[in-house]
There are 2 protein chains.
Amino acid sequence: MGVVAALVRSSFLVNAVYAASAREYGLTPQQGQLLCVLMPQPYGMTELGGILGLAKSSLTGLVDRTARSGLVRREADPDDARAVRVALTDEGATLVEEFYAETCRRVDLLPTGLDEGERVQLAELLSRLVSDNEVPVVFMELDEGTPGANGR
Amino acid sequence: MGVVAALVRSSFLVNAVYAASAREYGLTPQQGQLLCVLMPQPYGMTELGGILGLAKSSLTGLVDRTARSGLVRREADPDDARAVRVALTDEGATLVEEFYAETCRRVDLLPTGLDEGERVQLAELLSRLVSDNEVPVVFMELDEGTPGANGR
DNA sequence: CACAGTTGGTTCGTGTTACGAATTATCTGT
DNA sequence: ACAGATAATTCGTAACACGAACCAACTGTG
């Protein structure tokens, strides 16, 4: 299989795993992604749009729906009366922690056919792919959280 | 970066490229995917649902919309009066050929930071990931179509 | 052959996702 | 002070996705 087909198919696979995991936590993949982005810190709408690759108008709705289910909250930006900071609620923080851990667990299960050295190699190659192409941080590193397999 | 984050982010990246490419051909990502699946041969609705990971009812709509824009057609299954075979129209075949080629070209551009040996290695590792996890053939191999870089 | 059960698809209702254009309110630079 | 830029929202539209209910054609077992 060529590198192109391999990339496209593996991305399809990871997507499916992500979506299935989200679903079990009562989240849509987009809501899950939003929560994951917000894990380390709150963000403004425009910033979020950049990270998630969405138009502002798309984001308003996503945040609305996620807020309606009590997982995020709009806070006023102290420095700019126009702006808003989207932050996790306590409930959202709890939920995303579980969702994130479970998703990591599942994704981590995908390369079980690879031995440790190969996993490291794959991680290294993909990392370069990602950093060479300026992918926004839609899924960060949390030290633990990837039980027993991320190369340290 | 651990293998989990690398997988999730690269999949986000590939998705974005796929979606952008589709958009330029007037396709939604889903329609693009449908067309790509149909490239080698027609399929029944149930089969398509399995390949694309969609519920039957979701597929009806997708095929409806894609048919409405003249890209696919429902043909009667000669062996089963209930069943339907979804096939590309001439227009759809032409379009998907271009879309597929362009998408390959773009995805192929992603790992430009890797040398030839690394690309081959990445392809090999991801191929195993994909085949170990029984990913449906949402994006096949077409020999040429991945200009100048898929290891032959 | 008959008919219960399965299978292939569609329909319907609901909610989510995504966009662009237009709008409002606040900020910024000159 | 005020013309623009910027942060968000609203609105209208279309696509997407699901489950439940449904219909029609197939299948196997008696």
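Trainee: How many residues does the contact take from chain A and from chain B?
Mentor: 47 residues from chain A and 47 residues from chain B, where contact means that two C-beta atoms, placed from the backbone, lie within 7 Å. Keep in mind that this is a predicted model, in which local features need pLDDT of at least 70, side-chain atom pairs count only at pLDDT 80 or more, and totals for chains, interfaces and linings use all residues. Residues are numbered from 1 along each chain as its sequence is written, and chains are lettered from A and ligands numbered from 1 in the order in which they are written.

Trainee: OK, and which helices of chain A supply at least two residues of the side that touches chain B?
Mentor: α1 (3-24), α5 (90-109) and α6 (116-132) of chain A. Helices here are DSSP runs of H or I with at least four residues, strands are runs of E with at least two, and both are numbered from the N terminus.

Trainee: Which one has the largest share?
Mentor: α1(A), with 15 residues.

Trainee: How do the residues on that side of chain A divide?
Mentor: Into 28 nonpolar, 12 polar and seven charged. Nonpolar covers Ala, Val, Leu, Ile, Met, Phe, Trp, Tyr, Cys and Pro, charged covers Asp, Glu, Lys and Arg, and the others, Gly among them, are polar.

Trainee: Switching to the DNA, what surrounds strand C?
Mentor: 23 residues, and the closest are A:Thr28, A:Ser57, A:Ala81, B:Gly44 and B:Ser57. A residue is near a strand if its C-beta atom, placed from the backbone, lies within 6 Å of it. The elements giving two or more residues are α2 (29-38) and α4 (56-68) of chain A, together with α3 (45-52) and α4 (56-68) of chain B.

Trainee: Which element gives the most there?
Mentor: α4(A), with five residues. The surface near DNA strand C divides into seven nonpolar, 10 polar and six charged residues.

Trainee: And what about DNA strand D?
Mentor: 25 residues surround DNA strand D, with A:Gly44, A:Ser57, A:Ala83, B:Thr28 and B:Ser57 the closest. α4(B) gives the most to that surface, five residues, and the split is seven nonpolar, 10 polar and eight charged.

Trainee: What's the strand order in the chain B sheet?
Mentor: β1-β3-β2, an open sheet with antiparallel pairing; strands pair if DSSP finds at least two bridges between them. β1 (43-44) and β2 (72-76) of chain B stand at the edges with a single partner strand each, so one side of each has no neighbour in the sheet.

Trainee: How many bridges join β2(B) and β3?
Mentor: Five, between β2(B) and β3 (residues 84-88) of chain B. B:Ala76 stands opposite B:Val84 in β3(B).
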